[in-house]
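Please examine the strand pairing and one loop residue of the model shown here.

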Amino acid sequence: SSMGGMPGGGGGGGSFSRSFGGGGPDPFGMMFSQSMGGGGGGMPAGMSGMSGMSGMGGGMSGARQSARRPAAPPRFDAIPPGTVVSLKGLVNASDRNGDRGVVKQYIPSSGRYVVELEDSEETMSVKPSNLLQHVHVRIHDIQSQPELNGKTGTIITWNSHKERYAIYVMDLKKVVSLKPGNVVLESGTVAQVTGLSSRPELNGKWGTIKDWVKESNKYDVQLSPQQVIRVKVENMRV
């Protein structure tokens, strides 16, 4: 599916830029310049130097040992580096709420993300509950406005009182307010399980969306290398 960036030009686009984050460049231009490619694995540790070890016993056994050292398993519960986010719900630094930045890394020991703030070299250590991901979505199954169905957009804000996302719809150059059940996240997005009554122990966990099953409007979500669950679209939030 073509998920191209926003069309250029257009008076609507300019006023939109001004209302979301000041004049100047289109606020979403930067957002989609980072692609979400998975990291490819290189040669196992120690293997690259083996060709130079022409049968030296000690050297070879050392190389085999280092090759056996397991690499860190891939994480399915961490927002990938390069994801554009904004800060929300900060109490001690409430003046930062709404500021945008980019995830640089996840710190497993603290469960926080290092976020580099836009237009500055400053970084902050932020809990996942204080981040909103500005990710691509596809709109699905809206009865009242069927012309929106199938359109792609970007999450702008989350209204916790109304429990709706504000989505900027690229083709229409306008913002619509939608329930999570009508907002399909792209495969590869890392989101949080919420509101599960059948398996409440999973609520609060983060996982990577693998597939969307259109017929039932559910996701297959990978929580760990061993565990994949199937949950309704409205039970995953970014």
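The questions and answers below concern a predicted model.

Me: In what order do the strands of the open sheet of 5 strands follow one another?
Reply: The sheet is open and its pairing is antiparallel. Neighbouring strands are turned by 45° against each other on average, direction ignored. Read across the sheet, the order is β4-β3-β2-β1-β5.

Me: Which strands have one side left without a neighbour in the sheet?
Reply: A strand at the edge has a single partner strand, so one side of that strand has no neighbour in the sheet. This applies to residues 123-126 and 131-133, which are β4 and β5.

Me: Which residue of β5 is the bridge partner of L87?
Reply: Strand β1 covers residues 84-87 and runs antiparallel to β5. The two strands are joined by 3 bridges. The partner of L87 in β5 is L131.

Me: Is N130 buried or exposed?
Reply: N130 is located in the loop between β4 and β5. Leaving aside residues up to four places away in sequence, N130 touches S86, L87, K88, G89 and L90. The relative accessibility of N130 is 10%, and the limit for burial is under 20%, so N130 counts as buried.

Me: Which backbone oxygen does the side chain of N130 reach at 2.9 Å?
Reply: K88 is among the residues that N130 touches. The distance of 2.9 Å from the N130 side chain leads to the backbone oxygen of K88.

Me: Which residue in β14 stands opposite V221?
Reply: β13 (residues 218-222) and β14 (residues 228-232) pair in the antiparallel sense over 5 bridges. They form a hairpin with 5 residues between them. Opposite V221 stands I229.

Technical notes: Residues numbered from 1 in each chain as written. Predicted model: local features only at pLDDT ≥ 70, side-chain atom pairs only at ≥ 80, totals over all residues. Heavy atoms only, no water. Pairing = 2+ DSSP bridges. Helix = DSSP H or I, 4+ residues; strand = E, 2+ residues; numbered from the N terminus. Axes fitted to C-alpha atoms, helices over the stretch in contact; angles between N-to-C directions. Buried < 20%, exposed > 50% of the residue type's maximum accessible area, 1.4 Å probe, protein only. Polar contact = N/O pair within 3.5 Å; in protein donor to acceptor, adjacent residues only side chain to side chain. Contact = heavy atoms within 4.5 Å.
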